[in-house]
Amino acid sequence: MMRDWKGQNSGSPIKLRIMGNSYQYTNFFRTNIFSIILVFISTILVSFAQVAFKMAWSDPVLSFSLLSKLLLGLGLYGIGAVLFLVALRNEKVSYLFPFLTLSYVWVILLSAYLFGEVISLAKILGVSLIFTGIFLIYVSGRSAI
Amino acid sequence: MMELEQIFPIVLVLIGGFYGALAPIYLKKGLNQWPKFRRKAFKNIVIGIFIFGSALLPLIIALKFSDLSLLYPLTGLSYVWTAMYSAHFLKEKINGYTWTGVAFTVSGVFLIGFMSLIS
């Protein structure tokens, strides 16, 4: 793993020689941007899983719709966990883990949209605190490491 | 007696979070070892997944005694534990920006949780 002059995790640079000219590019799948995108998708899947769980409990016990929603939730949860593991391969735990708090944000938005829950001022404040924190952590990956 | 009943689920969730935060540490350790030491890596990943699953038990037990809205904000603390563990066990260098960022995200989670408790 290498860091470029910005302190970005740029993965191992790949060198190519084509027609006498040498090119060097970084493997996108090893950059911290790729890891963050994976975690982003993972949090969205996990919040959909939580919504599926929530919907499942309003169904009659042991009905087909309850079981299918539970299975859907578990599946989404599993895919989200695998994506997070792939992201974790290239990045530090302390860097990536706080990005998981984004799922709180998606859950608030989804439950407002689907269940008509009110987005209170406190929730907006909490979400902005989360976003500020995540921005700071993103910046920490760019500064001296 | 009444007070003990209120404190018990909170303590249970705190212990569960403290223990559950070890899961990403084992997973990362396993992922670091993956191509070279397959056996050790596999062991660590399995331990990580086991901790991930078993850490839910204290929360489920605690939910029998208390409301989710009271306990949910406490799960936000696990982000602090994870940062501490990764600094200690994985020797990750954590700078001031990251610590401040963790403090912000955790306070955001706390705020969302506690406000849903009041309303």
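Biologist: Which residues does Ser47(A) touch, not counting those up to four places away in sequence?

Modeller: Keep in mind that this is a predicted model. Ser47(A) is part of helix H1, residues 32-56 of chain A. Leaving out residues up to four places away in sequence, its contacts are Ser103(A), Trp106(A), Val107(A) and Leu110(A).

Biologist: And is Ser47(A) buried or exposed?

Modeller: Buried means under 20% relative accessible area. Ser47(A) has a relative accessibility of 1%, so the word for Ser47(A) is buried.

Biologist: Trp106(A) caught my eye. How are the rings of Phe40(A) and Trp106(A) arranged?

Modeller: Over all chains, the structure has 8 aromatic pairs. In the pair of Phe40(A) and Trp106(A), the ring centres are 5.4 Å apart and the planes meet at 75°. Planes over 60 degrees apart count as edge-to-face. So the arrangement of Phe40(A) and Trp106(A) is edge-to-face.

Biologist: How many residues apart are Phe40(A) and Trp106(A) along the chain?

Modeller: Phe40(A) belongs to helix H1 of chain A, while Trp106(A) belongs to helix H4, residues 102-115. The pair therefore links distant parts of the chain. Their separation in sequence is 66 residues.

Biologist: Why does Trp106(A) count as buried while Phe40(A) is partly exposed?

Modeller: The cut-off for buried is under 20% relative accessible area, and partly exposed runs from there up to 50%. Phe40(A) has 38%, so it is partly exposed. Trp106(A) falls under the cut-off because its relative accessibility is 16%.

Biologist: What about Phe84(A) and Phe97(A): how is that pair arranged?

Modeller: Their ring centres lie 6.0 Å apart, with the planes at 65°. Phe84(A) sits in helix H2 and Phe97(A) in the loop between helix H3 (93-96) and H4, so the pair ties together parts 13 residues apart in sequence. Both Phe84(A) and Phe97(A) are buried. With that angle between the planes, the pair is edge-to-face.

Biologist: Back to Phe40(A) for a moment. What accessible area does its nonpolar surface patch have?

Modeller: The patch is formed by Phe28(A), Phe29(A), Ile33(A), Ile37(A), Phe40(A) and Ile41(A). One of these, Phe28(A), is in the loop between strand S2 (21-26) and H1, and at 42% relative accessibility Phe28(A) is partly exposed. Together, the patch residues have an accessible area of about 530 Å².

Biologist: One more: which ring does the charged end of Lys54(A) sit over?

Modeller: The charged end is 5.9 Å from the ring centre. A charge has to be within 6 Å of the centre to count. The ring under Lys54(A) belongs to Phe115(A).

Definitions and conventions. Residues are numbered from 1 along each chain as its sequence is written. Chains are lettered from A and ligands numbered from 1 in the order in which they are written. This is a predicted model: local features need pLDDT of at least 70, side-chain atom pairs count only at pLDDT 80 or more; totals for chains, interfaces and linings use all residues. Side-chain values use heavy atoms; hydrogens and water are left out. Helices (H or I, at least four residues) and strands (E, at least two) are DSSP runs, numbered from the N terminus. Buried means under 20% relative accessible area, exposed over 50%, partly exposed in between (1.4 Å probe, protein chains only). Contact means heavy atoms within 4.5 Å. Patches are made of residues with over 30% relative accessible area and no salt bridge: like charges are joined within 9 Å, nonpolar side chains (Val, Leu, Ile, Met, Phe, Trp, Tyr) within 5 Å. Accessible areas come from the Shrake-Rupley method with a 1.4 Å probe; for residues, only the protein chains shown count as cover. A salt bridge is a side-chain nitrogen of Lys or Arg within 4 Å of a carboxyl oxygen of Asp or Glu. Rings of Phe, Tyr and Trp (its six-membered ring) pair if their centres lie within 6.5 Å; planes under 30 degrees apart count as stacked, over 60 as edge-to-face and the rest as tilted. A charge sits over a ring if NZ of Lys or CZ of Arg is within 6 Å of the ring centre and within 35 degrees of the ring normal.
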